[in-house]
Amino acid sequence: MKFGIVVFPGSNCDIDCYHALRDSLNQDVDYIWHDTEGLKEYDCIILPGGFSYGDYLRCGAVAPFSKVMDEIRVHAEKGKLLVGICNGFQILTEMGLLPGALVRNKNLKFICNTVPLKVENIDTPFTNRCDLGQVINIPIAHGEGNYVVEKDELAKMKENRQILFTYQENPNGSVLDIAGICNEGKNVLGMMPHPERACEELLGNREGRLVFESIISFLEGGWKSE
Amino acid sequence: MKAKVYVTLKKSIADPQGNAIGKALNKIGYDNVEDVRIGKLIETELGEVTKETAEKQLKEMCEKLLANTVIEQYSFEVLG
């Protein structure tokens, strides 16, 4: 089982993800430089948080044109797991791999806090180790986390149960309190909160492990979609 | 060939920056200001291309990168 973490110029949660996966969860993990050609096979690729390309133009707008991203798209289209956290979520919406977009927080402030999230669907590779309706506390740190999406698309997402995490107290103005979603195929996850920052006791919070443990459980074949 | 590209949030998308600026304008005496929307102006120098090519390229650029058409609308003018 192998994880890959894409590093863009301006990524700053890549090392956190690497640490969480390698040291807290004992996984085999590589950094993938954004300029890479000939991507190796990975079971799960993570687009980490940060400010890729300085967030110039729009958050996550330039990263989709990095050399490695065509192969990342192919990876996702094959049904393999792709996770975007924070800036990574913004990149996935810019690529059209996830619906909607993330715009400026309603209160115009950068919010750095730990917030309670409700798990809305546990029948996915990313949430199968959670209980339905379970509340987990996960850090957020973003200025553009206000999720917007067209009404019709939102209805489709609800029907397909693509909303995986919602905020208990909406911090940023997201429609339906959305904090994390997946694609129709349930193999691409995007979430604004940072589970990688909550993976060990020393950091005061282990609840983020549930997301990674779900992924590991899925990859080990310990969980199958119903 | 020079061109200007304008990118703004769609009307259906809330613009908290615009609202804040609108309120500030009201506060300094412009009571008649009802709505403010913030957008981007992107100035480009396209080199020696025809107007038709410039327009075709600008449309592509907007669709691919300069605007996110999920939330934004765009327009451009070729200045010659």
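Visitor: Is A:Asp30 buried or exposed?
Guide: Keep in mind that we're looking at a predicted model. The cut-off for buried is under 20% relative accessible area. A:Asp30 falls on that side of the line, with a relative accessible area of 16%, so the word for A:Asp30 is buried.

Visitor: Which residue forms a salt bridge with A:Asp30?
Guide: Look for a partner whose closest N and O atoms are 3.4 Å apart from those of A:Asp30. A:Asp30 sits in strand β2 and the partner in strand β1 of chain A, so the pair ties together parts that are 28 residues apart in sequence. The partner is A:Lys2.

Visitor: Which residues are linked with A:Lys2 and A:Asp30 in a network of salt bridges?
Guide: That pair doesn't stand alone, as it belongs to a network of salt bridges. Over all chains, the structure holds 19 salt bridges. Joining A:Lys2 and A:Asp30 in the network are A:Asp28 and A:Lys40.

Visitor: How many residues apart in sequence are the parts that A:Glu37 and A:Lys67 tie together?
Guide: Their side chains meet in a salt bridge, at 3.6 Å from N to O. A:Glu37 counts as exposed at 62% relative accessibility, while A:Lys67 counts as partly exposed at 44%. A:Glu37 lies in the loop between β2 and β3, and A:Lys67 in the loop between β3 and α2, so the parts they tie together are apart in sequence by 30 residues.

Visitor: Which residue of chain A meets B:Glu72 in a salt bridge?
Guide: This pair crosses between chains, starting from strand β3 of chain B and ending in the loop between β3 and α2 of chain A. B:Glu72 counts as buried at 7% relative accessibility, and its partner counts as buried at 8%. The side chains meet at 3.5 Å, N to O, and the partner is A:Arg58.

Visitor: What is the largest C-alpha distance among A:Cys86, A:His194 and A:Glu196?
Guide: An unreviewed UniProt entry annotates these three as "active site". They're spread over 111 residues of sequence, yet they cluster in space, with a largest C-alpha distance of 11.0 Å.

Visitor: Which side chain does a polar contact of 2.8 Å join to that of A:His194?
Guide: A:His194 is in the loop between β11 and α5 of chain A, and is buried with a relative accessible area of 1%. The residue you're after is found in that loop between β11 and α5 too, and is buried at 3%. The 2.8 Å polar contact joins A:His194 to A:Glu196.

Notes. Residues numbered from 1 in each chain as written. Chains lettered and ligands numbered in written order. Predicted model: local features only at pLDDT ≥ 70, side-chain atom pairs only at ≥ 80, totals over all residues. Heavy atoms only, no water. Salt bridge = Lys/Arg side-chain N within 4 Å of Asp/Glu carboxyl O. Helix = DSSP H or I, 4+ residues; strand = E, 2+ residues; numbered from the N terminus. Buried < 20%, exposed > 50% of the residue type's maximum accessible area, 1.4 Å probe, protein only. UniProt positions renumbered as here; feature names shortened; annotations may be inferred. Polar contact = N/O pair within 3.5 Å; in protein donor to acceptor, adjacent residues only side chain to side chain.
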